[in-house]
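Welcome to this guided tour! Open your viewer, show the side chains as sticks, and let us go through the model stop by stop.

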Amino acid sequence: QVQLVESGGGLVQAGGSLRLSCAASGRTFSSFTMGWFRQGPGKEREFVAGISWSGGSTYYADCAKGRFTISRDNAKSTVYLQMNSLKPEDTAVYYCAADRTKWGVILTPLNSNDMDYWGEGTLVTVSS
C-alpha cells in the first residue's frame, strides 16, 4: 500500500508563491507517474500538472502553464509543485496522486480515474 501526504498549503496573497510537497511511502515511488489535481469551492476536481517516473517529461493544464512547476526527487520519494504568481482562482484543495503505470512521456492531461493512489489534500487559499 502506498500513502501520499501533502504539505505546504496555506494562505497567501495574490501574486505570492507556495511550494507544495507530497511525500510517498513505499519503495516503488520511483516508478510511478505522479500528478497534482485540485478542487476549488463548488467545482469539480481538475488536473493541474503531471510528471513522468524519471522526471523527464511534464505536462501542465492551461491554468498552470508559465506559473507552476512540477518536479520530483525519487531519492526522497517526494513530488513538488512550485506555484508562483498565485491568483484568487487558484484557491482549492490540492491533491497529490500516483499512477502505477510507468509512463515515459506524458502527452495528455492525467485522468483522475486512472490514478491509483491519492493523498488527502492540502488547502491553498489565495486572497485578493
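Is arginine 67 buried or exposed? Select arginine 67 and show the surface around this residue: arginine 67 counts as buried, because its relative accessibility is 12%, and the cut-off for buried is under 20%. Keep in mind during the tour that this is a predicted model.

**Stop 1: a linked set of charges**

Keep arginine 67 selected and add aspartate 90. These two residues form a salt bridge, with their closest N and O atoms 2.7 Å apart. The pair links distant parts of the chain, 23 residues apart: arginine 67 sits in the loop between β6 (58-60) and β7 (68-73), while aspartate 90 belongs to the loop between β8 and β9. Aspartate 90 is buried too, with a relative accessibility of 0%. Why can such a pair form? Side chains of opposite charge can pair when their charged atoms come close.

Now add arginine 38 and glutamate 46 to the selection. Here is another salt bridge, in which the closest N and O atoms are 2.6 Å apart. The two partners differ in how much surface they show: arginine 38 is buried, with a relative accessible area of 5%, whereas glutamate 46 counts as partly exposed at 33%. With all four side chains on screen, you can trace a network of salt bridges that links Arg38, Glu46, Arg67 and Asp90.

**Stop 2: another salt bridge**

How many salt bridges are found in the whole structure? A search finds five. For one more of them, select aspartate 116 and arginine 100, whose side chains meet with an N to O distance of 3.4 Å. Aspartate 116 lies in the loop between β9 and β10 (117-118), and arginine 100 is in the loop between β9 and β10 as well, so the salt bridge ties together parts that are 16 residues apart in sequence. Aspartate 116 counts as partly exposed, at 31% relative accessibility.

**Stop 3: threonine 91**

Next, select threonine 91, in the loop between β8 (78-83) and β9 (92-99). Threonine 91 is buried, with a relative accessible area of 18%. Which backbone atoms lie 2.9 Å from a polar atom of the threonine 91 side chain? One is the backbone oxygen of proline 88, and another is the backbone nitrogen of valine 126. Draw both distances in your viewer to see them. Then look beyond the neighbours within four places in sequence: threonine 91 is in contact with Gly40, Pro41, Val124, Thr125 and Val126.

**Stop 4: threonine 122**

Move on to threonine 122, which lies in strand β11 (residues 122-127). This threonine is buried, with a relative accessible area of 10%. The side chain of threonine 122 reaches the backbone nitrogen of glycine 9 at 3.2 Å. Leaving aside neighbours within four places in sequence, the contacts of threonine 122 include Glu6, Ser7, Gly8, Gly9 and Leu20, and also Ala92, Val93 and Tyr94. For a longer view, draw a line from the C-alpha atom of threonine 122 to that of isoleucine 106: these residues are 16 apart along the chain, and the two atoms are separated by 24 Å.

**Stop 5: the largest pocket**

Isoleucine 106 is also one of the residues that line the largest pocket. Select the full lining: Asp99, Thr101, Trp103, Val105, Ile106, Leu107, Thr108, Pro109, Leu110, Asn111, Asp114 and Met115. Colour them by class and you will find seven nonpolar, three polar and two charged residues. The pocket holds about 190 Å³ of space.

**Stop 6: three loop residues**

Select aspartate 62, in the loop between β6 and β7. Is aspartate 62 buried or exposed? At 66% relative accessibility, aspartate 62 counts as exposed. Its side chain makes a polar contact with the side chain of lysine 65, at 3.1 Å.

Finish with two serines and their backbone angles. Serine 77, in the loop between β7 and β8, has a phi near 50°, a positive value in a residue other than glycine. Serine 85 lies in the loop between β8 and β9, and its phi is near 50°. What sets these serines apart is their accessibility: serine 77 counts as buried at 15%, whereas serine 85 is partly exposed at 40%.

Conventions
Residues are numbered from 1 along each chain as its sequence is written. This is a predicted model: local features need pLDDT of at least 70, side-chain atom pairs count only at pLDDT 80 or more; totals for chains, interfaces and linings use all residues. Side-chain values use heavy atoms; hydrogens and water are left out. Helices (H or I, at least four residues) and strands (E, at least two) are DSSP runs, numbered from the N terminus. Buried means under 20% relative accessible area, exposed over 50%, partly exposed in between (1.4 Å probe, protein chains only). A polar contact is a pair of N or O atoms within 3.5 Å; within protein, one must be able to donate a hydrogen and the other to accept it, and residues adjacent in sequence count only if both atoms are side-chain atoms. Contact means heavy atoms within 4.5 Å. On a 1 Å grid over the protein atoms alone, a cavity is a set of points where a 1.4 Å probe fits but cannot get out, and a pocket is an open set with protein on both sides within 12 Å along at least five of seven lines; lining residues have an atom within 4 Å of a point. Grid points are joined across faces, edges and corners, and a volume is the space filled by probe spheres set on the points. Ala, Val, Leu, Ile, Met, Phe, Trp, Tyr, Cys and Pro count as nonpolar, Asp, Glu, Lys and Arg as charged, and the others, Gly among them, as polar.
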